[in-house]
Amino acid sequence: MKRLPLILLSLILLASCNRTVLEEERTFANSNWKFFQPEEFNLNIKNIDDCYNIYATVVIDTAQFKMSRLPLFVNLYSPNGERRSFTGYLLPKDELGKWNGDFKDGKLVCTRCIREYFFFNVTGDHTIEVSQYTHRYDLNGIESFTLKIEKADVIYPD
């Protein structure tokens with residue numbers, strides 16, 4: 001019986017450590033992300049006082065994809081009918097042309113925070129659409145895209 005409070009406290013701490021509210025991957029047929037086909041994600045926000053960091057990850061076939069910058073266009077639709085938009089970008093290559101990220105199974109995995117300290121204005125079910133924002137209709141070499149949203153700690157200046 002003496003261990004029960006310790007076990008309960010451990011479970012509560014473990015549950016509170018999970019800061020991720022959304023992490024979903026979309027794969028593309030023939031490694032081809034089409035311009036006019038945004039990827040849609042849904043999440044429920046329960047507390048508008050929390051702020052979030054939004055991360056994007058792509059898995060790239062470097063034999064097909066040669067760009068150093070991958071722009072993204074994000075639309076957020078709130079339950080009250082509000083639409084908010086912003087752009088973000090991934091940097092698969094650095095300024096010297098070297099690949100950024102880690103190689104896994106011969107593919108480049110590139111991750112970047114595309115929006116820091118984001119606040120949702122209302123609670124409820126939100127829809128997020130993410131599109132590749134290049135000048136190409138067919139963006140070859142992108143095998144998958146992952147959107148991850150996690151709670152952020154706001155650090156206020158002293």
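In what order do the 5 strands of the open sheet stand, and in which sense do they pair? Let me take that as the way into this structure, which is a predicted model, and answer it straight away: the order is 1-11-4-8-7, and the pairing is antiparallel. The edges of the sheet are held by strand 1 (20–27) and strand 7 (102–104), each of which has a single partner strand, so that one side of each is left without a neighbour in the sheet. If we ignore direction, neighbouring strands of this sheet are turned against each other by 25° on average.

Before going further into the sheet, let me give the overall inventory. The protein contains 1 helix and 11 strands, and, reading from the N terminus, the helix is followed by the strands, in the pattern α-β-β-β-β-β-β-β-β-β-β-β. Of the 158 residues, 37% are buried, and the accessible surface of the protein comes to about 9900 Å², with 51% of that belonging to carbon and sulfur atoms. As for the contacts with a separation of 6 or more, 78% of them are accounted for by residues 24 or more positions apart.

Back to the sheet, and to one pairing inside it. Strand 4 (residues 51–60) and strand 11 (residues 142–152) run antiparallel and are joined by 10 bridges, and within this pairing Tyr 52 has Lys 151 of strand 11 as its bridge partner. Strand 11 also holds Glu 150, and here I would ask whether this residue is buried or exposed. Glu 150 is buried, because its relative accessible area is 18%, which falls under the 20% limit used for that label. Leaving aside residues up to four places away in sequence, Glu 150 touches Arg 19, Thr 20, Val 21, Cys 51, Tyr 52, Asn 53 and Tyr 55.

Let me turn now to strand 5, which covers residues 70–77 and has 6 of its 8 residues buried. On one hand, strand 5 runs antiparallel to strand 6 (residues 83–90), with 8 bridges joining the two, and Phe 73 finds its bridge partner in Thr 87 of strand 6. The hairpin that these two strands form has 5 residues between the strands, and in it Gly 81 takes a positive phi near 95°. On the other hand, strand 5 also pairs with strand 9 (residues 124–132), again in the antiparallel sense, over 6 bridges, with Glu 129 of strand 9 as the bridge partner of Asn 75.

The next topic is charge pairing. A search of the whole structure finds 8 salt bridges, and I will go through some of them individually. Asp 138 forms a salt bridge with Lys 34, where the closest N and O atoms are 2.9 Å apart. This pair links distant parts of the chain, since Asp 138 sits in strand 10 (residues 138–140) and Lys 34 in strand 2 (residues 32–34), 104 residues apart. Both ends count as partly exposed, Asp 138 at 30% relative accessibility and Lys 34 at 25%.

A second salt bridge joins Asp 50 to Lys 151, with 3.5 Å between the closest N and O atoms. Asp 50 lies in the loop between strand 3 (39–45) and strand 4, while Lys 151 is in strand 11, so the pair ties together parts that are 101 residues apart in sequence. Asp 50 is partly exposed, with a relative accessible area of 22%, and Lys 151 is likewise partly exposed, at 33%.

A third pair is Lys 107 with Glu 143, whose closest N and O atoms are 3.4 Å apart. Here Lys 107 belongs to strand 8 (residues 107–119) and Glu 143 to strand 11, and the two are 36 residues apart. Lys 107 has a relative accessible area of 22% and is partly exposed, as is Glu 143 at 25%. Finally, Glu 24, Arg 26 and Glu 39 are linked in a network of salt bridges.

I will close with the surface. Which residues form a nonpolar patch there? They are Tyr 117, Phe 119, Val 154, Ile 155 and Tyr 156, which together have about 540 Å² of accessible area. Of these, Val 154 lies in the segment after strand 11, and at 32% relative accessibility Val 154 counts as partly exposed.

Definitions and conventions
Residues numbered from 1 in each chain as written. Predicted model: local features only at pLDDT ≥ 70, side-chain atom pairs only at ≥ 80, totals over all residues. Heavy atoms only, no water. Buried < 20%, exposed > 50% of the residue type's maximum accessible area, 1.4 Å probe, protein only. Helix = DSSP H or I, 4+ residues; strand = E, 2+ residues; numbered from the N terminus. Pairing = 2+ DSSP bridges. Axes fitted to C-alpha atoms, helices over the stretch in contact; angles between N-to-C directions. Contact = heavy atoms within 4.5 Å. Areas by Shrake-Rupley, 256 points an atom, 1.4 Å probe, with all protein chains shown as cover. Patch = residues over 30% accessible without salt bridge, like charges linked within 9 Å, V, L, I, M, F, W, Y side chains within 5 Å. Salt bridge = Lys/Arg side-chain N within 4 Å of Asp/Glu carboxyl O.
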